[in-house]
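This report introduces a protein model to a reader who has not met it before. Please view the sequence and the structure first; the description follows them.

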Amino acid sequence: MRTILITGQGGTGRTTVAAATAVEAARAGTRTLVLSADRVDSLGAVLGTATGAEPLRVAANLTAWRPDAAERFREDLVAFQERAASVLDLLGAGRLDAEELTPLPGAEELALLRALRDAALSEAYDLLVVDLPPAPQALALLGLPEELRRYLRRLLPPERQAARALRPVLGRLAGVPMPAEWLYETAARWDVELAAVAAVVEDPGTSVRLVAEPGPAGADQVRLASVGLALRSLPVDMLIANRVLPEGTHDTWLAGLVAQQRKALEEWEEASVRRARPVRGVAHLGRDPRGVDDLAALHVPGAGDAPARVAWPVTDNLGDEGVLVWHIPLPGAIRDELDLIRRGDELVVTAGQFRRIVPLPSALRRCTVDGAALRDGCLRIRFAPDPQLWPRTR
């Protein structure tokens, strides 16, 4: 299955591009689902048909879905109260009724991730087009399954789960109550659900499509998004330059804006040769697109093939320099915004406003960090073998 995640600069028509991508794919005969997490029905506005909590068939081969975050939030919290009934009763806590619950910030994004997982598991579609928030929020959202699974493993490691018969004895010896069975069961269920979401995001058929208006602000946002996506190892299949104005205008004010757009497009196209990332301009219709016909008139590219995932290889320079080198591609990164911290068998990599904690490859866990350098958009981290851990040769 193919999945296209649409994100980019805020206020540049990401939802319109997502809907137009889905329309183009559906017209080519691909069973397509377009997903959105907006509380306001902006997806329905551009499609010309209201969308909601249930998948809605908009046209041949095209379905739209805007999952209801409030309803799912209520169901989850009510179910959690039922599982934690004994603890809540011990604390004297009052129960919350479903009618008084309102979704917390971030509930829409979590509902979107669940909908993405459910749609992928249903096998009812060949293409999923996901209308994500602007790039910074989208990157935090896409990294959420990986981060939450890491938190669960640290807070409730499965290997520390004691046998049910030994819990009372261990509780008396420790002087504190042991975690209840339901807590481990809940953590295990969450881990399975998060793993299913992460599998969709990390699938070889998943790629990101960036949307930006050509200009200085758009260029800054594209650079920042490219760094964050590279840190997440998410491939970009295309950069959509949206709302491109027509050439040859005689209006002085518009002529300056057209020239600014042309300059940004030339820079993006030059960079696309180095990064193998196509740039497609989408013309401004002179109005807000409404309905399937308007979306088709934008001529936004359909799905296409997903680009290959960018590898983070480790090269063996032990013979020449006595080190192993870990290569992490970070196109657009700035040296002064990079930071590295080694924590046991993990490496904390910070690039500007983005951070990711990644496990070290097995060979590097027996090494110490010997230095790092950023060259030609690639972070090269040197690791020297630790004499106490590295196998010795006779």
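In this predicted model, helix α1 is largely enclosed by the rest of the structure, because 12 of its 14 residues are buried. The helix covers residues 14–27 and reaches 20 Å from its first C-alpha to its last, close to the 20 Å expected at 1.5 Å a residue. Among its buried residues are Arg14, Thr15, Thr16 and Thr21, together with Val17, Val23 and several alanines, including Ala18, Ala19 and Ala20. After α1 comes Gly29, which has a positive phi near 95°.

**The protein as a whole**

The protein contains 11 helices and 15 strands. It is built of 394 residues, of which 44% count as buried. Among contacts with a separation of 6 or more, 68% are between residues 24 or more positions apart. The exposed area is about 20500 Å², and carbon and sulfur atoms supply 54% of that area.

**Nonpolar cores**

The largest nonpolar core has 58 residues, and those touching the most other members are Leu35, Leu132, Leu210, Trp268 and Trp326. Another core, of 28 residues, lies apart from it, with Ala20, Ala25, Val34 and Leu43 among its members. Of these, Ala20 and Ala25 also appear among the buried residues of α1.

Which residues does Leu35 contact, leaving aside its neighbours within four places in sequence? Its partners are Trp65, Pro67, Leu112, Ala115, Leu116, Val129, Val130 and Asp131.

**A hairpin and its cysteines**

Strands β14 (residues 367–375) and β15 (residues 378–385) pair in the antiparallel sense, over 8 bridges. Within this pairing, Val369 stands opposite Phe383 of β15. The hairpin has 2 residues between its strands, and Asp376 takes a positive phi near 50°.

Residues 367 and 378, at which β14 and β15 begin, are cysteines, and their accessibilities are listed below.

| Residue | Relative accessibility | Class |
|---|---|---|
| Cys367 | 3% | buried |
| Cys378 | 12% | buried |

Why do Cys367 and Cys378 count as buried? The class applies to residues under 20% relative accessible area; Cys367, at 3%, therefore counts as buried, and so does Cys378, at 12%. How many disulfides does a search of the whole structure find? The search finds 0 disulfides. A disulfide is a covalent bond between the sulfur atoms of two cysteines, and no such pair was found anywhere in the structure.

Methods. Residues are numbered from 1 along each chain as its sequence is written. This is a predicted model: local features need pLDDT of at least 70, side-chain atom pairs count only at pLDDT 80 or more; totals for chains, interfaces and linings use all residues. Side-chain values use heavy atoms; hydrogens and water are left out. Helices (H or I, at least four residues) and strands (E, at least two) are DSSP runs, numbered from the N terminus. The expected span of a helix is 1.5 Å times one less than its number of residues. Buried means under 20% relative accessible area, exposed over 50%, partly exposed in between (1.4 Å probe, protein chains only). Two strands pair if DSSP finds at least two bridges between them. Contact means heavy atoms within 4.5 Å. Accessible areas come from the Shrake-Rupley method with a 1.4 Å probe; for residues, only the protein chains shown count as cover. A nonpolar core is a set of buried Ala, Val, Leu, Ile, Met, Phe, Trp, Tyr and Cys residues joined through side-chain atoms within 4.5 Å. A disulfide is a pair of cysteine sulfur atoms within 2.5 Å.
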